[in-house]
Amino acid sequence: MVFRLVPSIYVLTIPFFIYGVAFLFVGLAGPIHNSTSQTWLQNVGTGLYSFASSSGSIFFALNFGDEGGAPLRSWIYRATVIQGTQQLFISFLWYWGSWMATLNQKGSTQFSLAMTDPGALLGIGLGLACLLWVLGALVFFGLPAYYRQAPGQVPTFYLSLFRRRIILWFFYMVFISNYWLSAPYGRNWLYLWSSKHAQVWQIVLLVLFFFVVVWAAALWVFHVFSKRHVWFIPIFAVGLGAPRWAQILWATSNIATYIPWAGGPVAGAILGRALWLWLGVLDSLQGVGFGMILLHTMTRFHVTFTLLAAQVVGSIATILARATAPDKLGPGDVFPDFSAGVTAGLGKADFWVCLLFMLSINVLCVFFFRKEQLAKP
């Protein structure tokens, strides 16, 4: 692990350089007329972007490095603000993807700058690359002295990891979540923008309401309760159960396709997406809570390694899911079609197996978190 060998400033600035190169490659692919070369440049750019995006956990773990014993509520504030902003960004990216998929299904090629205006794609790619390189330079020259010192030695670091049951629980959580929920992830997000009745602006208002207003209210509640009970968010996260599983079930099992008691097709579409967004808020809050569990129980070094290694575990689980999971080609029996009847849906064995695995994450956390928590109530 490079973060254990070199000063933190390098692992925090190199990703910006890689991001810039990725956008540069994508931009350069626009004016090239050779389809093979264009495809390779785009693929390399995508690969570099994916590689750099794994650095997000490093920025989270190495935060507050120069502030000593920063209060936990400061961690909570930053984590919730970043998570809420990320959800907004992801929501509108999925709208963009949904819009392009719709045009592609109609046979149109006017959704790609590489086809319509290669020069504009080159300019945008170069502009974003330069912007990211400037941000990297600002990080490199602006970080305080703490990030420029070599990291200390931790004796038997890797051996100690396997004695921490909370780390093993976190790997288990990542593996189970990715194995059962990664395959229908795209279909789950497409539900948000796929309505033929609700207008786009109505869904945009819903997204802004839940990921700005509701999220800000949750941030305030967490801030108040965390002043007295630093363990409030982790316990709250455990008590939520499996909100992402519930969200995917709502979106892919045809439950939300038609809500007759809502008062009409438009009201039904809006109500269905409102519930979907509410479950998305709960899922994001649970993610923050699970992150706080790591901060409650481990040092900065351990958190950094755990988050980086969890990405590898998640990738392996996703690969296995695409090959062996019961829902690899669609919701299947994991998220059965409840429009055919509740009894028919509840009679699927894979439905219960997935649900029990998801709930086991919370049960195991209750056993391990209390024993390893540094600040016990």
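Start with the whole chain in cartoon view: 16 helices and 0 strands, where helices (H or I, at least four residues) and strands (E, at least two) are DSSP runs numbered from the N terminus. This is a predicted model, in which local features need pLDDT of at least 70, side-chain atom pairs count only at pLDDT 80 or more, and totals for chains, interfaces and linings use all residues. Residues are numbered from 1 along each chain as its sequence is written, and side-chain values use heavy atoms, without hydrogens and water.

Colour by burial next. Of the 377 residues, 44% are buried (under 20% relative accessible area, with a 1.4 Å probe and protein chains only).

Now select residues 200-228, helix α10, and residues 265-297, helix α13. Their axes lie 10 Å apart at an angle of about 35 degrees; axes are lines fitted to C-alpha atoms over the stretch in contact, and angles run from 0 to 180 degrees between N-to-C directions. Show side chains where the helices meet (contact means heavy atoms within 4.5 Å). Phe210, Phe211 and Trp215 are among the α10 residues there, and the α13 residues include Leu277, Trp278 and Gly280.

Keep Arg273 of α13 selected and add Leu190, Tyr191, Ser194 and Ser195: these five lie nearest the centre of the second largest pocket, which 23 residues line. A pocket is an open set of points on a 1 Å grid over the protein atoms alone, with protein on both sides within 12 Å along at least five of seven lines; lining residues have an atom within 4 Å of a point. Finally, select α4 (72-105), α9 (185-193), α12 (243-252) and α13, each of which supplies at least two lining residues.

Methods
1 Å grid on protein atoms, 1.4 Å probe; cavity = no way out; pocket = protein on both sides within 12 Å on 5 of 7 lines; lining within 4 Å. Buried < 20%, exposed > 50% of the residue type's maximum accessible area, 1.4 Å probe, protein only.
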